[in-house]
Amino acid sequence: MTEELELILSQLTQPDNAVIQQATVQLKQAFKDPAIIPALCAVMSGSQNPQIRQSAAVMLRLRVKKHWKKINPNDRESLKTVVLQAFMQETEHTVQHSLSQLCAMMVKHETPDRWPDLLQLLNQATKSSNPHDRQVGLLLLNKVMESNPEPFKPHYCQLLQLFTVVLQDLQNPTALYYCILTLTAITAYTGTEEMNLMRSIIPHLIVALKHLIKADQSQASEAMEVFNELMESEVSIIVPHIADIVCLCLEVGSDTTLNDSVRVKALSCIAFLIKLKSKTVLKQKLLTPILQAIFPILIAAPPPGEQDPEDQEDESGDGTDNDNPKHCSAQIIDTMALHMPPEKLFQQLMPMTQTCLASENPYERKGGLMCLAVLAEGCADHIRTKMLSSVLQTVCQSLSDSNQVVRSASLFALGQFSEHLQPEVSKYCAELMPLLLGYLSSLNQAKVGHVTKAFYALENFMENLGADIEPYLPTLMETMLSALNNAESLKIRELAVSAIGAIANAAKELLVPYFPPVIESLKGFLTTTSEEMRSLQTQSLDTLSVLARAIGKDVFSPLAAECVRLGLNLTDTIDDPDLRRCTYSLYSAVSTVSPDCLTPHLPAITTIMLLALKSNEGITAHVEEDKTFVLLDDDDDDDDNDVEGKDSVEFLDDEPDIDLHDVAGFSVENAYIDEKEDACDALGEIAFSTGAAFQPFLESSFQQVYEMRDFPHEDVRRAAFGAMGQFCRAQHLVWKEIPTEANHQALLKLLDVVLPCFVENVRTEHERQVVMGILETMNNVMKSCKEEAFKNPARLKEISHVIRDVLKKKTVCQDGGGDEADDEEQQAEYDAMLQEFAGEGIPLVASSVPADKFFPFLNDLLPLLMNKTKSSCTVADRSFSVGTIGEILQALVTAPGGAGVAGRLSNRLLPVLVAGVRDSDAEVRNNSVFGLGCLAQAAGPICVTDYPMMLSVFSSMLTKESDLRVIDNLCGALCRMIHSNVEAVPLEQVVPALVGRLPLKEDMDENKTVYSCLAMLYTHSPALVLGLMKPIVAASSQVLGNNKVDQETQSMLALLMRDFAQQHSAAFQAAVSSLPGEQQAALSAALS
């Protein structure tokens, strides 16, 4: 059979398709003969043709992978012997490679201890005095270890000693390469006993990598992955060597004689280190050397006659590839901004940035702008509060720079500022909008790439303007509609469609007059079938979803059913993940406007989305193999069909076709990741919007989304946790509407799975963004489900403790357990934000459980909040901590037993809140005033003795305070005090001063507190209120009919006014007639 097999295999390598097909049929037949294994062994070790030897090895590997148990035991033993012999006598590298993969696959089934010959061979070869034998031994070791790291654990110490020797064999780069790859493979599995050996290996590793870079850059680039692996799994090993690793990476990253891929790898190691260990980088004083090395890369001019990738024009108008050293340098600064305290970073960075911005060289000016742009996300508070006008001035000047490279960079920076520096940046509307509109007026002459950047800046800026966009609407919409109708460039039409979405987000119902022509244009794009219009079509779906949410139910509802049909038709006819993703967002938006239109289509819609979550499409495994054999592999499964009864166990074993360990790596196309993320988001929102109609799909949707909680990509995990929270809120809503026992039990069952899952992942998840998402979702679940979330007796402790751990920085994503004791006050803004999400949970717990049950936990949590009220803390920290204390007290107002707990806390909290009232920052003062009012309201009679002190603080504030929101909250706080203990307040002095500050100007929520207090006083001290009728009526005329004030408050106020009109008509008429005409009209309209 051997010769026959060799012939078939040689035919498979012919360039003739007919020959290959015939050979494939013969091969399928041959595989049904049990003698195939010995025959393949014979070909693998005896054929003269290396390509055929390799084919035989690959086929054996596929056979072993799928059918090891079916291979006759004698054949298994002889295969173990033959493969090792073949390996040692083989001279061709490609064949050795395939043989080593075959060994790796056999070890998977056999465990190392049941194959002593393999261990012996590895031992001999890797220690051989012959350099070639060592190389081959290390190749085999690498393949075997990469696919089976764990079974070799008992041999790790011995292996690490071997590596120490091999890494010093600097003349043998191939050996270095396989040695480092193997070290990378076992790093995640090493434990404490290997620690010291691992530590001592690092210096040798650094030297070896330097030599490998000289010998083979692409191998070196792959080998540098070892640093990422070490950082991720066992940081303590590399902490002593961090300075050396950084030094090596900077050296490689800065060396322009090396190729981009190895430079990019080195620079991305630094970004990864900063993300994981920013404290160590600062402690070891590495910030300055890193910045000094990457700035020259960031500001380098491209070679003469060339452009940076992002400045090149290609058809789509998007810059090309992003993996270049300059991009990585900007990414390092971006990572610093996200993970370091702004004060420390800016001190070092700003002088360098300012030098660049003032330079004559356009690429240095561009570098300075890029630097400002990437700081905006991570250091938003710092820039907004300390330097906004100066950086905006810089960017505005650069918008009219003589060099287009600089103008493009300033547009990018403005887009970043608009996205991250809200709301302050919108206040510069009058300066910025004319500049941006100027860019658009020359749409047709400019280069598409440059226009793309202008649109990016404009969209981000407009999106947050709200009603302030009104004066610009006519110009904007005229520009966009004409771009939709006549631009030759599809890209410009796509940009205009996207911009209309941004305009709609700001303008809301102000856009209604433009809605018909916009929809007309979109319909044309949406129904196209041409391939080149695809991204315009996708963008049109996206904008349609935005319009559905923004334009108002009345205008959009008539189109809702048509939109759902359109989405389903598109996904039926076009297979494109981006397009599907946009249909999910569209269904989601429609569900908020007109859920009934979605109900009949829920079976179809949920089916498509659940398939998207299940699908492995777009996940490419890099199998190191010729594709032909993978095709044969499918054929080779067919022989099972002829076995009677089919081996049922094997049939049920749904091992995926791609085995993770066989694979050199995975790449997942972004479009498929985005599709999974959007499917989770949409399922959650649709479940919540459609309520009872979604019930038949809730369980299957929940199970599939729950599976995504450990998906490799963080955005998908975050979306999955968000959807799990939405499912809980949806079930709660259904139970409220249809209060059956079955619905109640379903809710409790769901909460019992979801909340413990949230708590566990807050502790263990590595990505800070995901943890923020989980905390936010958990807060929403507590807000909706209230006491139901705490029905399980263990829940209160679990949630309180996980909040405590985040506030103490004890979780994995906070680099917990590190050196966080020193320098408590300074941290990255996003680290502070994570703690804010946790802190926001405290008042939600307080309003969901009896106060005395929560008291012991609250007692633990309060000191962590009070620590952040010190004057040395950042404004954001002070504002957050005082605000949270205020919200806790507000929750205690209604919690059972809340008064007692508030009373017990008042002595600790009063000094903190009174100090906050004197803060230099208006928001901190505002939150402190609110907190004092809530303390008076929650503690009731218990804190009457503190009233005189509180009133004197407030009265001195009323005379000095200039911030309108703080004045509104002062009025609210005084009303809370009056409500709580009317006898303890000198009404004759307080009420006139209070009424003199009405109507409220900024904080419309406080109207409810103020007017319910006045209504109460009208019953309690009518003479006092009647004496103030004129100013009260004047204030009321501005509250009634104001759409920013809630209906309940307006109805209560209207009742009071009617009572005035009936009981005291003369005084009321006199008060009304002294008002300006339009206020008189508003009042009579509200009262009629």
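Helices here are DSSP runs of H or I, at least four residues long, numbered from the N terminus. With that numbering in hand, welcome to the tour; please keep in mind that this is a predicted model.

**Stop 1: helix 53**

Select residues 1029-1039, which make up helix 53. Which of its residues are buried? They are Met1029, Ile1032, Val1033, Ala1035, Ser1036, Ser1037 and Val1039. Now show the surroundings of those side chains. The buried residues of helix 53 pack against helix 50 (987-996), helix 51 (1006-1020) and helix 52 (1022-1027), and also against helix 54 (1047-1063), helix 55 (1065-1073) and helix 56 (1077-1087). Before leaving, step just past the end of helix 53 to Gly1041, where the backbone takes a positive phi of about 80 degrees.

**Stop 2: a bridge beside helix 50**

Next, select Glu1002 and Arg965, whose side chains form a salt bridge at 4.0 Å, N to O. Glu1002 sits in the loop between helix 50 and helix 51, while Arg965 belongs to helix 49 (residues 964-980), so this pair ties together parts that are 37 residues apart in sequence. Both ends are partly exposed: Glu1002 has a relative accessible area of 42%, and Arg965 has 34%.

**Stop 3: a charged network**

Now select Asp308, Glu310, Asp311, Lys326 and Lys366, which salt bridges with shared partners join into one network. Zoom in on Lys366 and Glu310, where the closest N and O atoms of the salt bridge are 2.7 Å apart. Where do the two residues lie? Lys366 is in helix 20 (residues 362-378), and Glu310 is in the loop between helix 17 (287-298) and helix 18 (325-339). The pair links distant parts of the chain, 56 residues apart. Is Lys366 buried or exposed? Lys366 counts as buried, because its relative accessibility is 2% and the cut-off for buried is under 20%. Its partner Glu310 is partly exposed, at 22%.

**Stop 4: Glu788 and Lys791**

For another salt bridge, select Glu788 and Lys791, whose side chains meet at 3.4 Å, N to O. Here Glu788 is the buried end, with a relative accessible area of 6%, whereas Lys791 is partly exposed at 46%. If you would like to keep exploring such pairs, the structure holds 36 salt bridges.

**Stop 5: the cavity**

How many cavities of 30 Å³ or more does a search of the whole structure find? It finds one. The largest cavity holds about 30 Å³ of space. To see its lining, select Ser800, His801, Arg804, Phe857, Asp860 and Leu861. Helix 41 (795-807) and helix 44 (851-866) are the elements that give two or more residues to this lining. By character, the lining residues divide into two nonpolar, two polar and two charged.

**Stop 6: the cysteines**

Finally, a look at sulfur. A disulfide is a covalent bond between the sulfur atoms of two cysteines. The structure holds zero disulfides, and a couple of selections help to show why. Select Cys103 and Cys41: the sulfur of Cys41 is the closest cysteine sulfur to that of Cys103, yet at 11 Å it is too far for a bond. Cys103 is buried, at 0% relative accessible area. Then select Cys757 and Cys728, where the sulfur of Cys757 lies 9.9 Å from its closest cysteine sulfur, again too far for a bond. Cys757 also counts as buried, at 5% relative accessibility.

Conventions:
Residues numbered from 1 in each chain as written. Predicted model: local features only at pLDDT ≥ 70, side-chain atom pairs only at ≥ 80, totals over all residues. Heavy atoms only, no water. Buried < 20%, exposed > 50% of the residue type's maximum accessible area, 1.4 Å probe, protein only. Contact = heavy atoms within 4.5 Å. 1 Å grid on protein atoms, 1.4 Å probe; cavity = no way out; pocket = protein on both sides within 12 Å on 5 of 7 lines; lining within 4 Å. Points joined across faces, edges and corners; volume = space filled by probe spheres on them. Nonpolar A, V, L, I, M, F, W, Y, C, P; charged D, E, K, R; others polar. Disulfide = S-S within 2.5 Å.
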